[in-house]
Amino acid sequence: MSDTFLPGNGFDTYEQQDKVLVGLCGGTGCKVAVRVLQQQGFAVAGAVVRLTAEDAAVNAAKAAAKALGIECVTLNASQLAEEHADTTAFDLCFPALLAAADRLGIQYIATGHRARVETSADGMYTLCPADTADESAQLAALPQEALARLILPLGDFAPEDVAEMAADFKV
């Protein structure tokens, strides 16, 4: 894969010192998102949200962070998940991720979702899902304040592109 294929050539509008907190799950998308963000000049840290006492996603995310050479914090939302049993995991993860970014002094959050956030002329943020179906439709329900801080580095890529990048990055 050539360097011109990857974001960072014409897409990097962020400063070298900008930090981003990436929601990790251990999957290929979040690993590729970390590498793309690093290529764009971000200092990247990871976070995983623990929703139950025995959450396998935490171990997968920690292993992914170690392989990527980044720090990963565990955000314990298990009590919150018990209190709001009718709430989806997605609805609990983003508030936890945003709160952690605030505590850490990190302006941006990111995920491995394949969608884009666009800003209209009137300053409103709109989520533009990828051409193929994924869970990014849930992102559209995020408040404007969250969308303003959300970076989705895989938004312009097809699943095949993400798989190719994963192979190139050896993740």
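Start with the whole protein chain: buried residues make up 44% of its 171 residues. Buried means under 20% relative accessible area, exposed over 50%, and partly exposed in between (1.4 Å probe, protein chains only). This is a predicted model, where local features need pLDDT of at least 70, side-chain atom pairs count only at pLDDT 80 or more, and totals for chains, interfaces and linings use all residues. Residues are numbered from 1 along each chain as its sequence is written, and side-chain values use heavy atoms, with hydrogens and water left out.

**Whole chain.** Color by secondary structure. You get six helices and seven strands, in the order β-α-β-α-β-α-α-β-β-β-α-β-α from the N terminus. Helices (H or I, at least four residues) and strands (E, at least two) are DSSP runs, numbered from the N terminus. Now contacts, meaning heavy atoms within 4.5 Å. Of those between residues at least 6 apart in sequence, 69% join residues at least 24 apart.

**Helix α2.** Select residues 56-68. At 1.5 Å a residue, these 13 residues should span 18 Å, and the end C-alpha atoms are 19 Å apart, which agrees. The expected span is 1.5 Å times one less than the number of residues.

Show side chains for V58, A61, A64, A65 and L68, the buried residues of α2. They cover an arc of only 130 degrees around the axis, so they sit on the same side of α2. The arc is that of the directions from the helix axis to the C-beta atoms. What covers them includes α1 (28-39), β2 and β3 (72-76). Rotate to the face turned away: the exposed residues A56, N59, K66 and A67 are there.

**Ends of α2.** Pick D55. This residue caps the N-terminal end, with a side-chain oxygen 3.1 Å from the backbone nitrogen of A57. Next pick A56, exposed with a relative accessible area of 59%. Measure from A56 to C25: 31 residues apart in sequence, 9.4 Å apart in space, C-alpha to C-alpha. After the helix comes G69, with a positive phi near 75 degrees.

**Cores.** A nonpolar core is a set of buried Ala, Val, Leu, Ile, Met, Phe, Trp, Tyr and Cys residues joined through side-chain atoms within 4.5 Å. The largest has 26 residues; L21, F94, I109, L139, L142 and L150 have the most contacts inside it. Elements giving two or more residues to this core are β2 (43-50), α4 (89-104) and α5 (144-149). α4 gives the most, eight residues. Finish with a second, separate core of 18 residues, including V34, V58, A65 and C72.

Note on methods. A polar contact is a pair of N or O atoms within 3.5 Å; within protein, one must be able to donate a hydrogen and the other to accept it, and residues adjacent in sequence count only if both atoms are side-chain atoms.
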